[in-house]
Amino acid sequence: MHSCCCRSTLLLLLFYITAAVNQASAFHTNNQATSSMMSSAKKQKLNDDDDKQSLHEIRAGFIGCGTIASAIATSLAKPEHEEYLSEAGLSLSTISVTKRSASKSSKLKEDFPNVVSVYESAEEVVRNSDLVFLCLLPQQVDEMLSELKEKGTWNNDRHTLVSLVSTSKVGDLIAKTSLPTNRVFKMICLPPISNREGCALLTPPASSENGHPYLKKLFDALGGVVECPTDEIMSSMMVPTGLMGTMYGIMKNNRDWLINKGVSPSDASYFVARSYLSMVQDAERDCRDPKRFDDLIEEQTPGGLNEQALKNQEKQGVFDAYDKSMDAVLSRIQGKTDGNLP
């Protein structure tokens, strides 16, 4: 009996010792795992910090804050666009804007308070920026650039000027700022750039051997860019951007025609917009292929409604009218005429 109790006591003692050893081992293992996780997290944070430090920081400035300026600034500042900038090796630091127009500049400040600063003068914007967007009316440009040059605002080692003024000439901008030739550009884009949609135009090419270190990467990250080798090519490429109103006019015409046939205004508007969206999306696929539009036309059913409608439009001289309108737009851009047709 005494021997049995001793054995029981020894077994119980052995059980507690084993449990204690297992608990200690588990604690040690957990500590190692926790330490390893903390070390990994620390390493990841250091890697993230290194990645951020390796990105080129952009301090953007906008002289004039109209629709296009607001759209570009919005695209730069949107948190969901940060990954696209990062993939291009870029990071947004700050955005400086002139107060005019007050409604748009205040809205930018309201939407992105951590990065946007609003200034009273263009001089303040330039001094707080490295990449400066000129977004004024054509008649305001000469006086503004002369004022900035007289005050010695431009820094040849730091500043890049991108003009969005439709009548700007790169050579004139260089002369009026004394900035290096690889630091002055002209750009054209449409408001959908705010959502990384559409395609910008840029001249001269920023990706050339002696071009700009990051400008093309930036605009590719904001939706895409076509580089124009000369001002003349840029002027021609600008013409389709002047047909945005025409496209909306065609859609409005389609909507109104449907309403006149008894369709509800809401259904007509929704159907026309969605239908045109699907057509444009289809055309956008493989659009680098210059035969893409021809192929889409060839796909129309022979003798079908689409083929017939296209032929009727041709007979009515619709595309001749388009050509005349585009020639008139180009003439106005080139400063040859006021762009009006008789």
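**Notebook: Val263, confidence and a pocket**

I began with Val263, which sits in the loop joining α10 (244-260) to α11 (265-284). The model I am reading is a predicted one, and I kept that in mind for each entry.

I next looked up how far Val263 is open to the outside, and because its relative accessibility is 31%, between the 20% limit for buried and the 50% limit for exposed, I noted Val263 as partly exposed. Leaving aside residues up to four places away in sequence, I found that Val263 touches Leu258 and Ala268.

I then turned to confidence, where the chain has a mean pLDDT of 88, with 85% of its residues at 70 or more. Residues 1-21 have a pLDDT below 50, and I noted that this stretch makes zero contacts in the model beyond near neighbours in sequence. For residues 41-46 the pLDDT is also below 50, and here too I noted zero contacts beyond near neighbours in sequence. I remind myself that predicted coordinates should not be read in detail where pLDDT is low.

My last entry concerns the second largest pocket, which holds about 930 Å³ of space. It is lined by 32 residues, and those closest to its centre are Leu164, Val165, Ser166, Ile188 and Met238. I listed α2 (67-77), α6 (138-150), β6 (184-188) and α14 (318-333) as the elements that each give two or more residues to this lining. Which element gives the largest share of the lining of the second largest pocket? I found that this is α14, with five residues. Sorting the lining residues by character, I recorded 18 nonpolar, 11 polar and three charged.

Terms used. Residues are numbered from 1 along each chain as its sequence is written. This is a predicted model: local features need pLDDT of at least 70, side-chain atom pairs count only at pLDDT 80 or more; totals for chains, interfaces and linings use all residues. Side-chain values use heavy atoms; hydrogens and water are left out. pLDDT is the predictor's confidence in each residue, from 0 to 100. Contact means heavy atoms within 4.5 Å. Helices (H or I, at least four residues) and strands (E, at least two) are DSSP runs, numbered from the N terminus. Buried means under 20% relative accessible area, exposed over 50%, partly exposed in between (1.4 Å probe, protein chains only). On a 1 Å grid over the protein atoms alone, a cavity is a set of points where a 1.4 Å probe fits but cannot get out, and a pocket is an open set with protein on both sides within 12 Å along at least five of seven lines; lining residues have an atom within 4 Å of a point. Grid points are joined across faces, edges and corners, and a volume is the space filled by probe spheres set on the points. Ala, Val, Leu, Ile, Met, Phe, Trp, Tyr, Cys and Pro count as nonpolar, Asp, Glu, Lys and Arg as charged, and the others, Gly among them, as polar.
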